[in-house]
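Me: Please take a close look at one part of the structure below, two neighbouring turns of a single helical segment, and set it in the context of the whole chain.

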Amino acid sequence: MSNTHSDTVAFVRDTMLPQQEPPSSSVGAVGWMRTNLFSGWFNTVLTIVSLGFIAFILYEILPWLISPTWDGTSLTNCREILAGLGDESGACWGVIRERWQQLMFGFYPSDLYWRPVLAFLLLLVAIAPLLFADYVSPKLIWFSMLYPFLAAWLLWGGAIWAPIFAILGFVVGFVVFRYGSKVILPALALAAGVVAAILWWTAIGPAIEAPLSAAIPIGIESVQSREFGGFMLSITIGVTAIMCSLPIGIVLALGRQSDLLLVKAICVGFIEFIRGVPLITLLFVASVLLNIFLPPGTNFDIILRVMIMVTLFAAAYMAEVIRGGLAALPKGQYEGADSLGLDYWQAQRLIIMPQALKISIPGIVSTFIGVFKDTTLVSIISMFDPIGLSNAIRADTAWNGVYWELFIFIGAVFFVFCFSMSRYSMYLERKLQTGHR
């Protein structure tokens, strides 16, 4: 039989075709719009209506926002500038140009602005090893541990010996706990360390610090708490509450699940009481009622009192968030820890708590954001946070009647901080994601 054409044609391709570019209509901006905005007639109608609504809002708002009044010296002057340009209305941004430093620093001495600015920059350095451990040297964690004392000294000033003796209190407590745990039970050694630290801070340390400060007066100019204000006050209270509420919340969550009846009762009572009382009430207690229960002549800084109350308030909510993460873990994780021969604290540190915290990341960050925004409530107790300062600025006859400009500026700054925390939360969730969606 003679060979035909069908006998000589291979049915399996022995060469690869060159790779082709995907259709331009399915990739890039065009592909995204076709998939998300114009995927059907209903989505197309919704997209067109939404774009029209957005265009209308921008048409009405943008002329007001971009008004050329940055050089205005008063509300009247801003209106004169707008009238000269033929505009009927517009924002008076001159108030932001003139008072932005007050909104940022309150009544802090202007020649000492470098101190809160430096404290904020060092804060970014201190949190770097905690937030971006993969990109920062772990040795920097030592600076993170020293930062709270350095920041307090920069903000309030005074002798350098105050933060040094505060650090020494922790050193004394750790030494007592470290060596005490070798001869007594760890729980008793921990209690002894706490008592030793308190004795150092309240009695031994001050007795040594006072003559030392007089003999060697090394320090910087002191600033009173009543001069704090603006975003500096909000950041100080918010960062302190955020840093302290997480470890306290972890302890409360573990205590609520404890088998020890007394420990569980104390933690449950604290959490339910704090969650059942508005933060405003706690701030009034810190501002007014707390002094009634203190010995006469006791000088308990108002900002420190507010920090404590906000921290306790946030810790109660943090405890419930973390308890939810603990409850979401399957029982097999606890059984696996037991099978490895780990004790309670080893299991919590190595297996249970890392997974519970990973599950709780959205709730933890939401609590952080809520705490930072709740710092504006201190204006109720006559502390000059950004909202309180806006009222003081509007009391000036030159800016009486300015509302939106101040609140838009304050809201924009708060948005930057809160949005940054939200984005970091999303980054951390992606980084720790181990399952498949």
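Reply: The account below goes from the chain as a whole to its core, and then to the part requested.

The model is predicted, so local features are given only at pLDDT of at least 70 and side-chain atom pairs only at pLDDT 80 or more, while totals for chains, interfaces and linings use all residues. Residues are numbered from 1 along each chain as its sequence is written, and side-chain values use heavy atoms, leaving out hydrogens and water.

The chain contains 18 helices and two strands, taken as DSSP runs (H or I of at least four residues for helices, E of at least two for strands) numbered from the N terminus. Its radius of gyration is 30 Å, well over the 22 Å that the globule rule gives for 437 residues, so the chain is more spread out than a compact globule. That radius is taken over C-alpha atoms, and the rule is 2.2 Å times the number of residues to the power 0.38. Along the principal axes, the C-alpha atoms fill a box of roughly 115 × 80 × 45 Å. Of the 437 residues, 33% are buried, that is, under 20% relative accessible area with a 1.4 Å probe and protein chains only.

The largest nonpolar core has 41 residues, and Tyr108, Phe228, Val306, Val310 and Val378 have the most contacts inside it. Such a core is a set of buried Ala, Val, Leu, Ile, Met, Phe, Trp, Tyr and Cys residues joined through side-chain atoms within 4.5 Å. Its largest share, eight residues, comes from α13.

The part requested is helix α15, which spans residues 344–359 and includes Gln348; Ile352 lies in α15 as well. Gln348 is buried, with a relative accessible area of 8%. Ile352 is also buried, at 1%. With neighbours within four places in sequence left aside, Gln348 is in contact (heavy atoms within 4.5 Å) with Leu254, Leu326, Met353 and Pro354. On the same basis, Ile352 is in contact with Leu326, Leu329, Gln333, Tyr334 and Ala347. Leu326 thus appears among the contacts of both Gln348 and Ile352.

These contacts can be set against the rest of the chain. Helix α10 covers residues 230–256 and α13 covers residues 302–328, and each gives two or more residues to the largest core. Gln348 has its contact Leu254 in the first of these ranges and its contact Leu326 in the second. By contrast, the C-alpha atoms of Ile352 and Thr281, 71 residues apart along the chain, are separated by 35 Å.

Notes
Buried means under 20% relative accessible area, exposed over 50%, partly exposed in between (1.4 Å probe, protein chains only).
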